[in-house]
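Here's a quick tour of one model, starting with a pair of strands and working outward. Have the viewer open as you read.

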Amino acid sequence: MKKKFGYIFTFVGLLAWVLAGCSSPAAVQSAPKTELVVSAAASLQDSLNTLKGQYEKQHPDIKLTFNYASSGTLQKQIEQGAPADVFISAGLKQMKALTDASLVEKDNVLLQNKLVVVVPQDKAKSTDNKSITLNDLMGPSFLKVAVGEPTTVPAGQYSKESLTKAGLWDKLEPKMVFAKDVRQVLNYVETGNADAGLVYLTDAKSSDKTVIALEVPEELHAPILYPEGIVKATKHSQEAGEFLDFLRTDEAMSVFSKDGFSAPTEMTGK
C-alpha cells in the first residue's frame, strides 16, 4: 500500500512540476514581434538579407520585412501611403522628394557605390579581353545594351548622365534595353538578352555569370549615394531608428564592404 501511495505522490509531484514549467515565463508564448517594413533599393538586397538574421538574433522582439524595388518605385509607394517604416534609396533625388513632402525625416547618407559595365562571361572569354571603353559599346559586338529606366531607376539616371557626358547617349539609345530596376539589368546580361549592361559594382559582384568589363569614370556622374530615413507615418520610430543605427555599426559595414559598398566620401548634393 505504501508503494502504491508512493507512485501516486510521485505522479502528482511530476504533474505539478510540468504544470509549473508550463506556467513559467520561459514557457509562456512570447509577445507578438514588432514588424519593421524596410523599403530598400534593389541593389541592397544581398547585404540586407545577410544582415536580417544578425539583427533579428540580437533583437528577438523585431521582425524585419524587406520591400525591394527601384528607388523611384519605392518613392511612389510611400507617396501613395504604402506601409513602410524605413526608406533606403539608391539616389538622393527620390529621398529629397519625400523629405520635401514631409513624408520622410532624419535622412542621412549611409553608403556609396560605383557604376560599372558588365558583359556575359562567354563574351569576355570569346574576345579574350575583359577591358573595354564606353566607346566600344558603339561597336558591332554590342547589339543590345541594358540600362535602368532613367525616370525611375537611379542606376539608369547615373548611366544616362555618364553616357551623355561621354557624348554617347543619343548614339547608343537605339541599342538600349530598359529595365525596371538594376537587378533586371543584370539579369538581361546574365541570360544573354543584352550584350552589356550598366549596373552597380555591388550587383556585379553578386553575379557569377557576368564579368566587370569597365568601371565607369566617376567624373562622368554624380556620386552614387544611398540616403536612409524614417518614414513619418511609422508607428515604430524608435525601433526604426535603432535599426538604422545598427546599419552604421562596424558589424554591418563589414557586410556592406564585402558586397562592394563603401562609406560615403562625398556628402554634397542633398
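## Strand 5 and its partners

Strand 5 (residues 115-120) and strand 9 pair up antiparallel, with five bridges between them. Keep in mind that this is a predicted model. For a spot to click on, try Val116: the residue across from Val116 in strand 9 is Glu215.

There's a second partner too. Strand 5 and strand 8 also run antiparallel, joined by four bridges. Here Leu115 is the one to look up, as its bridge partner in strand 8 is Tyr200.

## The sheet as a whole

So where do these strands sit in the bigger picture? They belong to an open sheet of five strands, ordered 7-6-8-5-9, and the pairing is mixed. At the edges you'll find strand 7 (176-179) and strand 9 (210-215), each of which pairs on one side only. Going from one strand to the next, the twist averages 35 degrees.

## How covered is strand 5?

Strand 5 is mostly covered, with six of its six residues buried. That holds for both faces: Leu115, Val117 and Val119 are buried on one side, while Val116, Val118 and Pro120 are buried on the other.

## Helices across the sheet

Two helices are worth turning on next. Helix 6 (residues 154-165) lies across strand 5, strand 6 (145-148), strand 7 and strand 8 (196-200). Relative to strand 8, helix 6 runs at about 115 degrees.

Helix 8 (residues 182-190) lies across strand 5, strand 6, strand 7, strand 8 and strand 9. Its angle to strand 8 is about 145 degrees.

## A cavity to look at

How many cavities of 30 Å³ or more does a search of the whole structure find? The search turns up one. The largest cavity holds about 60 Å³ of space.

Its lining is made up of 13 residues, and those nearest the centre are Ser70, Ala90, Val153, Pro154 and Val182. Two of these names tie back to the helices: Pro154 carries the number at which helix 6 (residues 154-165) begins, and Val182 the number at which helix 8 (residues 182-190) begins. As for chemistry, the lining residues of the largest cavity split into nine nonpolar, three polar and one charged.

How values were computed. Residues numbered from 1 in each chain as written. Predicted model: local features only at pLDDT ≥ 70, side-chain atom pairs only at ≥ 80, totals over all residues. Heavy atoms only, no water. 1 Å grid on protein atoms, 1.4 Å probe; cavity = no way out; pocket = protein on both sides within 12 Å on 5 of 7 lines; lining within 4 Å. Points joined across faces, edges and corners; volume = space filled by probe spheres on them. Nonpolar A, V, L, I, M, F, W, Y, C, P; charged D, E, K, R; others polar. Pairing = 2+ DSSP bridges. Helix = DSSP H or I, 4+ residues; strand = E, 2+ residues; numbered from the N terminus. Axes fitted to C-alpha atoms, helices over the stretch in contact; angles between N-to-C directions. Contact = heavy atoms within 4.5 Å. Buried < 20%, exposed > 50% of the residue type's maximum accessible area, 1.4 Å probe, protein only.
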